[in-house]
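Student: I'm new to this one, so could you pick the surroundings of a single bound molecule and take a close look with me? After that, please carry on to what follows in the chain.

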Amino acid sequence: MSEEGITTLNGTMMNGNIELTNGRAHKEGANGFIHIKNPHISNMDEDVLYHFALGTKSHDLKKMFGDVKFVCIGGSPRRMERFAHFLVKELGYNVPSGLALENITNATDRYAMYKVGPVLSVSHGMGVPSVSIMLHEIIKMMFHAGCTDVEFFRIGTSGGLGLKPGTVVVTSEAVDGQGKASQDNLVLGKVVSRPSVLDKDLAERLLQCSMNDDFEVIMGKTMCTDDFYEGQGRLDGAFCDYNEDEKMAYLQDCHNRGVRNIEMESVCFGSMCHHAGIKCAVVCVTLLDRLQGDQVSTPHDVLDSWSQRPMTIVARHIKNRMKTL
Ligand SMILES: O=P(O)(O)O[C@@H]1C[C@H](O)[C@@H](CO)O1
Ligand SMILES: O=c1cc[nH]c(=O)[nH]1
């Protein structure tokens with residue numbers, strides 16, 4: 001292990017898991033390090049991050065990503081490219097004229113990734129399987145790069161419950177369709193359940209980034225489902241075995257339990273970041289009020305401008321944090 005704490009892997013036995021921290025010996029509870037709870041990684045000759053077309057031998061991950069302090073993720077590649085351009089403006093970076101921001105993963109089209117100073121903007125596709133693969137690889141990438149004190153944000157869209165469409169929700173707690181704040185995963189045929197934990201302080205700070213904007217920012221629980229249609233109680237999927245009263249009773253019950261919006265990644269995001277010792281937050285705009293209907297019929301140019309709102313909030317937070325780095 002190097003003194004600088006960046007060159008080699010270091011294994012420590014913790015709570016029955018091999019906990020790898022990149023660099024300096026890791027003290028239990030010490031903040032800042034990315035935790036890879038996998039004893040096999042340190043025995044591997046090379047770690048290929050297949051879906052990003054990156055690897056520990058083919059790329060100098062430390063040089064490419066060692067300075068990253070913020071990882072912002074969202075479903076759509078185009079939106080995350082737009083966020084990168086927005087950051088260039090907000091953070092005052094210069095992209096030499098004639099040059100475009102480069103999609104770092106352009107050898108594959110699974111995910112898109114842009115880097116603006118200490119910020120990564122990465123797409124994750126739709127739903128838990130897609131975001132889970134992406135997070136495994138991005139967490140390992142951060143680990144191999146020796147990154148510390150990294151904050152992760154999901155910047156997304158959602159269906160609101162009892163909110164004016166266009167309202168932004170900062171998630172206080174991510175729960176599944178049964179109200180559980182944990183992610184169940186089938187591993188070797190058995191259910192492995194891990195708590196989904198978002199950082200409360202980070203959520204408060206994000207809420208305070210709301211200014212005199214023409215939209216509201218509120219804090220509330222977010223429900224994460226495995227499906228957009230039946231999973232979110234819609235009546236307009238290809239299949240539906242319940243009636244409108246049953247749908248409304250379910251959504252009203254969710255609302256009564258404090259759920260203010262519904263999307264498809266937050267529980268997994270909170271569970272994987274927490275397992276890796278990463279502070280994380282979820283900020284989503286609501287595209288419609290699910291107590292009023294199911295179809296997203298607002299024109300796309302309006303939806304596009306609404307999807308900018310979570311970016312505005314997170315960019316303000318990043319600017320504030322960068323003053324302290
Ligand atoms: O971050 P995005 O807006 O892609 O996330 C939500 C949840 C699903 O992935 C998708 C459904 O339309 O939008
Ligand atoms: O209703 C909605 C809107 C966006 N994303 C969702 O998951 N649900």
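Tutor: Let's sort residues like this: Ala, Val, Leu, Ile, Met, Phe, Trp, Tyr, Cys and Pro count as nonpolar, Asp, Glu, Lys and Arg as charged, and the others, Gly among them, as polar. The model is predicted, so local features need pLDDT of at least 70 and side-chain atom pairs 80 or more, while totals for chains, interfaces and linings use all residues. Residues count from 1 along each chain as its sequence is written, with chains lettered from A and ligands numbered from 1 in the order written.

Now, ligand 2. Around it sit Thr157, Ser158, Gly159, Phe228, Gln232, Ile262, Glu263, Met264 and Leu287 (C-beta atom, placed from the backbone, within 6 Å of the ligand). That shell splits into four nonpolar residues, four polar and one charged. Strands E8 (151-160) and E13 (259-263) each supply at least two of its residues (strands are DSSP E runs of at least two residues, helices H or I runs of at least four, numbered from the N terminus). E8 gives the most, three residues.

Moving along the chain, we meet helix H6, residues 266-275. Mostly covered, H6 has eight of its 10 residues buried (20 or more other C-beta atoms within 10 Å of their own; 12 or fewer would be exposed, in between partly exposed). Those eight are Ser266, Val267, Cys268, Phe269, Gly270, Ser271, Met272 and Cys273. After H6 comes Gly277, with a positive phi near 75 degrees.
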